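This report covers the fold, the solvent exposure and the cysteines of one chain. The sequence and the structure come first.

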Amino acid sequence: MSRQPPKYRPNTRFHGRVEAPGRPCAEPGCAEPGEFRAPLLSDRRSSDQPPAYRWLCLDHVRAFNSSYNFFTGMSPDEIHDAQRPLAGWERETRAFATGGADRPPRWADFSDPLDAIGARWRNAVPAERKDGRPLSGKDREALRTLALDVDADRMALRRRYSELVRKYHPDRNGGDRSHEAMLSRVIEAYQQLKGSPAFA
């Protein structure tokens, strides 16, 4: 006696499947369980409310997906607007509440004995010069290379440059050539800062 193989049904981990015993497929004449959502083709609302759905079996949702076209019924201008990279981003978003349960915690509410939070915040905001002269990203990198403070003046720059050249140049450190890469960085940093508006 031959037995027909059971009809394939996806397991519970199948993508998109929602089990609901007793819910039939919405396709007329189908007795399979409706376990997969599909939008109603007539439901093209422009509101922010989620669209209405119907529930289909695996075979009918596959057939629906293969024939579904989101742009059906749209004019060329509507299709163009829907395909723009920023489509949907023009809507104003809801502001977060500033009172009640949505109020963010104050810094004073945190215990920070190791100064981990405070130090990270201070490091996130680059220090500015007291004289107001601007520092570029390359200027700040050069200051770190020379281990100079952001408020260093031209005299401090020359003095620090001379110290580092004496330390790293093989003609000044007894012929040790192991620091030539660092010497190149020092020279490059000095040239950067020497021409910077902050050291003019």
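## Contacts and fold

In this predicted model, 42% of the contacts between residues at least 6 apart in sequence join residues at least 24 apart. The secondary structure of the chain consists of six helices and two strands. Their order along the sequence is β-β-α-α-α-α-α-α, with the two strands ahead of the helices.

## Surface and burial

The chain has 200 residues, of which 20% count as buried. Its exposed area is about 15,900 Å², and carbon and sulfur atoms supply 53% of that area.

## Cysteines

How many disulfides does the chain contain? With a disulfide taken as a pair of cysteine sulfur atoms within 2.5 Å, the count is zero. The closest cysteine sulfur to that of Cys-30 belongs to Cys-57 and lies 3.8 Å away, so the two are too far apart for a bond. Cys-57 is likewise in no disulfide, and the nearest cysteine sulfur to its own is that of Cys-30.

Are these cysteines buried or exposed? Cys-30 has a relative accessibility of 17% and therefore counts as buried, given that the cut-off for burial is under 20%. Cys-57 is buried too, with a relative accessible area of 4%.

| Residue | Relative accessible area | Class |
|---|---|---|
| Cys-30 | 17% | buried |
| Cys-57 | 4% | buried |

Cys-30 and Cys-57 are thus a buried pair whose sulfur atoms are 3.8 Å apart without a disulfide between them.

Terms used
Residues numbered from 1 in each chain as written. Predicted model: local features only at pLDDT ≥ 70, side-chain atom pairs only at ≥ 80, totals over all residues. Heavy atoms only, no water. Buried < 20%, exposed > 50% of the residue type's maximum accessible area, 1.4 Å probe, protein only. Helix = DSSP H or I, 4+ residues; strand = E, 2+ residues; numbered from the N terminus. Contact = heavy atoms within 4.5 Å. Areas by Shrake-Rupley, 256 points an atom, 1.4 Å probe, with all protein chains shown as cover.
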